[in-house]
Amino acid sequence: MNHDQSRALYDRALSVMPGGVNSAVRAAIEPYPFFVRKGDGGHVIDADDNRYVDWVMGLGPLLLGHDMPEQVRAAIQRTASEGPMYGAPTELEVDLAEFVTRHVPSVEKIRFVNSGTEATVSAVRLARGHTGRNKIVVMQGGYHGAQESTLVEGDAENPRPSSAGVPQSFAKHTLPVPFNDREAMTDVFDEHGDDIAAVLTEPILGNYGIVHPEDGYHEFLRDLTDEHGALLIFDEVITGFRVGGLGCAQGRFGITPDLTTFGKVVGGGFPVGALGGRDEIMADLAPAGEVFQAGTFSGHPVTMAAGLETLRYAAENDVYEHVDRLGDQLRSGLEEIVADQAPEYTVAGTASMFKVIFTRDGQPPRNAGDVKRAETDRWRRIFWESMLEQEIFLSQNQFECQFVSAAHTEADVERTLEAYAEAL
Ligand SMILES: *Cc1c(COP(=O)(O)O)cnc(C)c1O
């Protein structure tokens with residue numbers, strides 16, 4: 001497989017961009033990432049004209065794949081041709097807000113922003129402003145974007161910045177605990193209950209392997225936060241409009257969070273984020289309330305058009321049936337291969353999310369620590385490349401999850417399973 005053009009592009013990129021990329025994970029592919037020329041259905045074609053089955057799907061946003069259905073394409077083109085944006089509201093924002101509030105009952109009011117990061121930044125500020133408290137509890141290995149309040153590692157006793165540039169004086173307000181560990185969570189609330197503004201968690205960890213909540217875990221979080229007057233924030237940037245269809249993961253689990261953050265799918269492939277929740281809390285956001293939040297590009301008309309038509313298309317067609325069915329086929333095919341060839345590994349995922357985790361003990365991971373102890377180097381250095389050589393594009397490391405789109409076919413699934421059987 002020839003990668004000369006990608007190599008030359010990366011050489012140029014290294015001269016003008018730190019690490020040669022605009023987002024850190026893209027450089028995880030060694031020695032250099034392939035550069036994409038274009039997408040085609042469930043495939044991408046790189047700068048050297050290699051074609052891959054694409055299970056990365058933009059790292060989550062592309063529910064429909066690379067080819068937009070006619071109604072989505074037409075709405076995007078019409079909106080863009082009328083002028084990119086205005087600094088004044090448009091009907092499209094109201095339409096998408098109505099769509100989301102109609103399908104996600106916990107969301108009575110919503111604010112659109114430009115990225116998942118911006119959504120969680122604003123949700124954390126709102127939770128602090130609403131409760132008058134400082135501390136945020138997060139899950140170890142949870143990801144909420146590149147923001148000061150959540151780039152924190154360690155544990156609740158000893159939180160510390162996970163990135164240079166984040167002051168320890170910020171990190172001390174973030175309390176990381178292991179996912180699925182009720183005792184650790186109870187201890188944190190016993191110690192800091194009066195100063196905890198919110199528990200912020202992905203309903204399913206999707207950025208550190210795929211880790212599922214144990215039965216009753218979210219109910220436990222709901223009760224504990226209620227008891228202590230803290231908010232429960234679901235970060236549905238990945239799971240929103242992917243797991244549980246239009247009702248999102250909270251619908252699937254039957255949990256009503258106080259606030260929800262969205263991103264990825266809700267913008268139909270364009271830059272987006274959103275936070276939504278109970279009216280009484282959302283009313284604290286400026287200009288209705290005292291918690292400042294604003295953005296030049298927020299509610300961008302092209303994004304609103306793309307998000308709205310994508311979700312309408314999903315509502316009117318069998319998109320979720322299709323992606324969930326192919327997801328099931330992938331996971332059950334992978335389970336057979338793993339049982340046969342690598343019985344200590346775990347097949348994880350649900351709906352249109354999937355991942356093989358190279359665990360060493362044959363147990364599904366309960367938390368990020370279990371995923372971290374997996375054979376992450378084998379995944380990245382041996383397995384990923386062997387899949388690429390077979391023209392299958394998987395996410396860049398053991399941690400990021402993979403996605404089925406409406407454009408994928410059973411033939412893509414079969415080819416992919418054959419490649420796994422060869423590579424594992
Ligand atoms: C991707 C992601 C984010 C960050 O979104 P960006 O648009 O990359 O800023 C936040 N939370 C979760 C759960 C994500 O998967």
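This is a chat about a predicted model, covering its ligand site, one helix and two sheets.

Trainee: What should I know before I start?
Mentor: The model is predicted, so local features need pLDDT of at least 70 and side-chain atom pairs count only at pLDDT 80 or more, while totals for chains, interfaces and linings use all residues. Residues are numbered from 1 along each chain as its sequence is written, and side-chain values use heavy atoms, with hydrogens and water left out.

Trainee: Okay, which residues are around the ligand?
Mentor: Ser115, Gly116, Thr117, Tyr143, His144, Gly145, Glu202, Asn207, Asp235, Val237, Ile238 and Lys264. Being near here takes a heavy atom within 4 Å of the molecule.

Trainee: How many of the shell are nonpolar, polar and charged?
Mentor: There are 3 nonpolar, 6 polar and 3 charged residues. Ala, Val, Leu, Ile, Met, Phe, Trp, Tyr, Cys and Pro count as nonpolar, Asp, Glu, Lys and Arg as charged, and the others, Gly among them, as polar.

Trainee: What does Lys264 do, distance-wise?
Mentor: One of its polar side-chain atoms lies 2.7 Å from an oxygen atom of the ligand. For Thr117, a polar side-chain atom is 2.6 Å from a ligand oxygen atom, and for Asp235 one is 2.7 Å from a ligand nitrogen atom.

Trainee: And how much of the ligand does the protein bury?
Mentor: The protein buries 84% of the 380 Å² that the ligand exposes when taken alone. Those areas come from the Shrake-Rupley method with a 1.4 Å probe.

Trainee: New topic: is helix H10 mostly covered or mostly uncovered?
Mentor: Mostly covered, with 12 of its 16 residues buried, meaning under 20% relative accessible area (1.4 Å probe, protein chains only). Among them are Pro301, Met304, Leu308 and Ala314.

Trainee: How far does H10 reach?
Mentor: Helix H10 spans residues 301–316 and reaches 22 Å from first C-alpha to last, close to the 22 Å expected at 1.5 Å a residue. The expected span is 1.5 Å times one less than the number of residues.

Trainee: Now sheets. What's the order in the one with 4 strands?
Mentor: E1-E2-E3-E15, an open sheet with mixed pairing. Strands are DSSP runs of at least two residues (helices need at least four), numbered from the N terminus, and two strands pair if DSSP finds at least two bridges between them. E1 and E2 run antiparallel, joined by 4 bridges, and Val36 has Asp46 as its bridge partner.

Trainee: Why is one side of E13 left without a neighbour in its sheet?
Mentor: That open sheet runs E13-E14-E16, with antiparallel pairing. E13 and E16 stand at the edges with a single partner strand each, so one side of each has no neighbour in the sheet.

Technical notes. A polar contact is a pair of N or O atoms within 3.5 Å; within protein, one must be able to donate a hydrogen and the other to accept it, and residues adjacent in sequence count only if both atoms are side-chain atoms. Buried means under 20% relative accessible area, exposed over 50%, partly exposed in between (1.4 Å probe, protein chains only).
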